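Please open the model in your viewer and keep the selection tool at hand. The stops below are meant to be taken in order.

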Amino acid sequence: MISRVRGELSAVRGDRVEIMTVAGVGYDVIVPSRVFEDLPEPGGEVDLHTALVSRDDGMELFGFGSALDRELFLRLQSASGVGPRLALAILGTLQANRIVSALRSRNHETLQMVSGVGRKTAERMALELADKLDDLAASAGPADEQLEGGVAALGALRALGYSRLESEKALRAARREVGGDVDTEEVIRAALRHI
């Protein structure tokens, strides 16, 4: 199994990146949308935790920013009806701590925020995985809504017509910019500068 790839970022295409290692081997790695936020410019060094998925029609290499995300990707696929693409979409939409918290508390609404996850899929995932994530809960840490930008700020941006992904990305950038103890209006103003 290829568990980690480190090298120079050669190209970014769609949902994947190409990484050229010092040994001269190029890897085509599919990554969740959240990983793109932390990528350097082409030519910069990238270090991804990876999972190789083998199917009848070929093999695909998936990359993640942390070992926790990789392990969660593998665990999500153990639920009925969850393949690598849906697991990738879940990790691209929600942070690991929110996924673990939502599954363990059977919070179907949080899981349904992911495109492609309906009520039945969310219920099935929570039922099958809730008791299998205790070891990841400590690593993931608490699901702090402030880290995600706050419920009220997220709702306000969504009401303005921005997608959930755009809104959460802008709110994370805004939180880094303005720091912790600020009111919701200031966070929203800062987030709008990042959209």
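**A tour by selection**

Start by selecting Asp135, which counts as partly exposed at 46% relative accessibility (buried means under 20% relative accessible area, exposed over 50%, and partly exposed in between, with a 1.4 Å probe and protein chains only). Before going on, note that this is a predicted model, in which local features need pLDDT of at least 70 and side-chain atom pairs count only at pLDDT 80 or more, while totals for chains, interfaces and linings use all residues. Residues are numbered from 1 along each chain as its sequence is written, and side-chain values use heavy atoms, with hydrogens and water left out.

Add Arg75 to the selection: Arg75 and Asp135 form a salt bridge whose closest N and O atoms are 2.7 Å apart (a side-chain nitrogen of Lys or Arg within 4 Å of a carboxyl oxygen of Asp or Glu). Because Arg75 lies in helix 2 and Asp135 in helix 7, the pair ties together parts that are 60 residues apart in sequence (helices are DSSP runs of H or I with at least four residues, strands are runs of E with at least two, and both are numbered from the N terminus). Arg75 itself is buried, with a relative accessible area of 18%.

Which residue should be selected next as a salt-bridge partner of Arg75? Glu71 forms a salt bridge with Arg75, the closest N and O atoms being 2.8 Å apart, and the two residues, four apart in helix 2, are separated by about one helical turn. Glu71 is partly exposed, at 29% relative accessibility.

Move next to Arg85 and Asp15, another salt bridge, with its closest N and O atoms 2.8 Å apart. Arg85 lies in helix 3 and Asp15 in the loop between strand 1 and strand 2 (16-20), so this pair connects parts that are 70 residues apart in sequence. Both residues also belong to a network of salt bridges, which includes Arg13, Arg16 and Glu18.

Now turn to the interior, where the largest nonpolar core has 32 residues, and select Phe73, one of those that touch the most other members (a core is a set of buried Ala, Val, Leu, Ile, Met, Phe, Trp, Tyr and Cys residues joined through side-chain atoms within 4.5 Å). Not counting residues up to four places away in sequence, Phe73 touches several residues, among them Ala51, Phe62, Pro84 and Leu91 (contact means heavy atoms within 4.5 Å). A second, separate core of 11 residues includes Val35, Leu39, Val46 and Leu61.
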